[in-house]
Amino acid sequence: MCRLFHINMIFVTTTACLALAACGANQEAVEVTSAPEQTQNEVADEGEYAPANAVKTVPPPPSPSAVAPATHVAHDAAIMVTGSRIAGPAAPPARYAPYAEPDREQYQDIERSEVVRVADVPVSTFSIDVDTGSYANVRRFLTDGRLPPSDAVRVEEMINYFNYRYPVPRDRSKPFSVNVDAAVTPWNRDTHLVRIGLKGYDIDRSERPPANLVFLIDTSGSMSAPNKLPLVKKAMVTLAREMQARDRMSIVVYAGSAGLVLEPTNDPLKVEAALEKLQSGGSTAGAAGIALAYKQARAAFIEGGVNRVMLATDGDFNVGTSNRDTLVDMVKREAETGVQLTTLGFGQGNFNEAMMEQIADNGNGNYAYIDSVLEARKVLSEEVGSTLFTIAGDVKVQVEWNPATVAEYRLIGYENRALSEQDFSNDKVDAGEIGAGHDVTALYEIALVGSKGAAIPDRRYQANRPAAAPGNPAELGELRLRYKLPGETKSRLLTRVLPVTLAARAGEVRGDMALAAAVAAFGQKLSGGEHIGDMSYRQIANLVPKGDYYSEELRKLVQAADTNGPSR
């Protein structure tokens, strides 16, 4: 039986992989074409305010009959999983050891956001982030009995892993609704959390544009583990079964060199048969595989459709071009041709998340980490619309805070999505995309003028202190959003005034605002906790709303960190 990496998922024992036939036997089914290596809250929705406090109901996991029955105890029974249910501690819990670098895993350095005085920097600008990989990767570490490295924790991706009860847009000429609410900050009652939520319109299966998907699969020797290539096959089968008659799927693989395994087809059975023949071995010519996959995507390009490369790998490129900046430049150029890139991360030990996240962001796509069949189902079946079908591109957020009412602010997360103020109006500056039905959430912690929540002390010299602000006392600030509709090159602008009543009427966090706050607190505590005071894991767990499957999983993860993991 394979090893568990999702608290409530058991990997199904996989059959032995058959050899990939490049020539000779089975050549009719699979033909490989080699390529050389190369380089309380009030909610503001379109100007109107209405309460939105309920937790969104999320479908439960598959019934136990959908997975192989099994029992697994993770690291001395710290967490026991039976079938697909969390059974809780079955023995005295193990202690988490402080994190030690596992083999060659790579993460991008993160310099955490600090508190900013409005009088000094009144405008905050960033690109949206729809990636969710950090949450699933953090879950993998906790399930495996370790705290994640700090740089593996991107708080915005943890927050955006969850769906929130934002209203859908009323008019598709505006691809997403704009929602704002506020509450008292759970870890500092002298400050407020302001939540900005975007909700993209969804599209029915029958409305989806045709898709040209190239599955780019790493079959190198590093992918031999059960949670790598065998899981990749299951994930890609999940996606293939979501496709329709007018869609096209092809498969490119790479190890020491790259090859075309399956010509474009709309038959999921052919895709499954080709996937089953794959086996791992050799070094990793990732750049050559990416180049061939883009070539294949361009050859099968569908005008007005979705054209996307789906890269499944541990990111361990070790042959040919492996420099991250060079690969980023490559996918940037390819994105200009209309082909987008989604990266799906797998495995551990040599996992290169820094590579996966950066090339997805620059390839006008998204990044997800797949740690189980359940996660594959969530990303590639339940959320396939938001994963594949873009409804707005280059989405940027800007908030100008009013110094008359707001003394300080801090954007929680989005550190590697920060933009300069002038980037907001520059349509040549790339930003994130929103997929159909996607939620995007951002949280600011603010301290009001005259409150005890200010973190930056007054300056000694009068000339260095902010002058009295003449701004409108009825406003906290102004929210601005820029976005492009598919096929457009000029951005559109949306603006919303943030009324001071958001803070004046704010109460305790509840409903899905409590969920967002709990995830934000959890991510901040895992990454060091400098801004959440002495808030404990137990307090965070108590903040999580009850009754929702994914919320319950979150609570279990927080409890695992509380019971077994020392705070940083």
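Here are three short exercises on the cores and salt bridges of this predicted model.

**Exercise 1. Find which residues of the largest nonpolar core touch the most other members, and which helix gives the most to this core.**

Solution. Start with the core itself, which holds 76 residues. Those touching the most other members are Phe176, Phe215, Ile217, Ile251, Trp401 and Tyr444. Next, look at the helices: α3 (residues 229-240) gives the most, with 8 residues. Now zoom in on Phe176: leaving out residues up to four places away in sequence, its contacts include Pro169, Leu198, Ala392, Ile434 and Leu494. Finally, a second, separate core has 43 residues, among them Val155 and Val558.

**Exercise 2. Decide whether arginine 195 and aspartate 181, which form a salt bridge, are buried or exposed.**

Solution. First locate the pair: arginine 195 is in strand β10 (residues 188-200) and aspartate 181 in strand β9 (residues 176-185), 14 residues apart. Their closest N and O atoms are 2.7 Å apart. Then apply the cut-off, under 20% relative accessible area for buried. Arginine 195 has 1%, so this residue is buried. Aspartate 181 has 2%, so this one is buried too.

**Exercise 3. Work out which parts of the chain the salt bridge between arginine 189 and glutamate 508 ties together.**

Solution. Begin with the distance, 2.6 Å from N to O. Arginine 189 lies in strand β10, while glutamate 508 sits in the loop between α10 (501-504) and α11 (511-526), so the bridge ties together parts 319 residues apart in sequence. As for accessibility, arginine 189 is exposed at 53%, and glutamate 508 is partly exposed at 41%.

Definitions and conventions
Residues are numbered from 1 along each chain as its sequence is written. This is a predicted model: local features need pLDDT of at least 70, side-chain atom pairs count only at pLDDT 80 or more; totals for chains, interfaces and linings use all residues. Side-chain values use heavy atoms; hydrogens and water are left out. A nonpolar core is a set of buried Ala, Val, Leu, Ile, Met, Phe, Trp, Tyr and Cys residues joined through side-chain atoms within 4.5 Å. Buried means under 20% relative accessible area, exposed over 50%, partly exposed in between (1.4 Å probe, protein chains only). Helices (H or I, at least four residues) and strands (E, at least two) are DSSP runs, numbered from the N terminus. Contact means heavy atoms within 4.5 Å. A salt bridge is a side-chain nitrogen of Lys or Arg within 4 Å of a carboxyl oxygen of Asp or Glu.
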